[in-house]
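Here is a short walk through the fold, written for someone who would rather look than calculate. Have the viewer open as you read.

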Amino acid sequence: MQAKKHFSKPFDDGTKAKLEIFKNYLTEWLPVFISSKNNNYWDNIIIYDFFAGEGKDVQGNYGSPLLILEILNKYNDLVNSTGVKIKVILNEANYSSLIQLQNNINSFEYNRKKIEVVLYNKPFNTLFNEIFPLMSKKPKIPRLMILDQFGIKEITEEIFKKLIALERTDFVFFISSSFVRRFNELPEFSNYIKIKKKDFDESKPFHSHRVVFDYYKSLINNDYRLAPFSIKKGINIYGLIFGSNHTYGLEKFLKVGWNINPHTGDANYNIDGETIAEGIASLFEEYNTIKKIELLNKKLERNIFEKNENSLYNLYVKTLEFGCLAKHCNDYLRKLEKEKRIVIDGKLKSEKIHTLAKYSDVEILIKK
């Protein structure tokens, strides 16, 4: 019934922030996979919304299912011209909410000739485990999954490991990070997520989601890419965790985050306590520092001068994994070059880092 109550009142600012990220990432993701008429790699793309809800709130604000269709309408020319089949799978476990969702979908105008919408009424775990074997047999199909769970219990370690095993699947899932911080030692929490109270810094409650993110990141033993985004709702911190097998997916998600918060890119509030805000500066220069960029610069400094990293591609990947964009890396490299500490042998890139081959001849040369 919690989901039903959620849609009986206007979405709050935290929910709107979450939906904005879902919408903006889908806007970035979709044209990548439907822009080619003669695609040799995949015939289908599938968008999953496993906790679909009713489709809109009491004021008519769109939830994720209608936002998906709205974005598909935005790219209707591409949708019409592509040979790729588009399937949207919507699941809602609450039956009365599903009926309302079905009514909202039926009354929504979209390209029914090119887009197939399939509705399910099953518990998430049941549906996911039913379709996972089929997904595993067809790993090349591009998939985007929205997992907007209520609370923490659905995206278990087992489910998470299945998600990161899917080859061409990007996902965004929601988690109540403040609840993990407060109640992680209770059995009903520790059964789902194995984080200890000592993992949290009680002096930094607004960093709760970063701790939860680090837990999920610790479950990965390969090059799978993750990124967090923290969302403040009143005194509570919630968050999104994004996952992709590809640096391009990570780059696009980070772009969405930095467009929302140009200081850190990973929260809809002042997560690191910078005194800088729009039009406001401190009298003390040290308090005007944007901490995340400074930390990135120190990381790049160590990699270049202590670890002798001279591959531009590798520096870009480290930048993305740190939660920053290529332009942030470029700013620091240009500073080093201006100081005559390095020579950049080749052209810097500002986006599409994946197109810069790992063994590119673009190098960072340290000046002796």
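Which residue in E5 does Ile 146 stand opposite? Val 172.

Before going on, note that this is a predicted model, where local features need pLDDT of at least 70, side-chain atom pairs count only at pLDDT 80 or more, and totals for chains, interfaces and linings use all residues. Residues are numbered from 1 along each chain as its sequence is written, and side-chain values use heavy atoms, with hydrogens and water left out.

**The sheet.** Strands (E, at least two residues) and helices (H or I, at least four) are DSSP runs, numbered from the N terminus. Two strands pair if DSSP finds at least two bridges between them. Strand E4 (residues 143-147) and strand E5 (residues 169-175) do so in the parallel sense, over 5 bridges. They belong to an open, mixed sheet of 7 strands, ordered E3-E2-E1-E4-E5-E7-E6. Strand E3 (115-120) and strand E6 (225-233) sit at the edges with a single partner strand each, so one side of each has no neighbour in the sheet.

**Two helices.** The helices H2 and H3 cross at roughly 35°, their axes coming within 10 Å. Axes are lines fitted to C-alpha atoms, for helices over the stretch in contact, and angles run from 0 to 180 degrees between N-to-C directions. Contact means heavy atoms within 4.5 Å. Here is who takes part:

| Helix | Residues | Contact residues |
|---|---|---|
| H2 | 13-34 | Leu 19, Phe 22, Lys 23, Leu 26, Thr 27, Leu 30 |
| H3 | 64-74 | Ser 64, Leu 67, Ile 68, Glu 70, Ile 71, Leu 72, Lys 74 |
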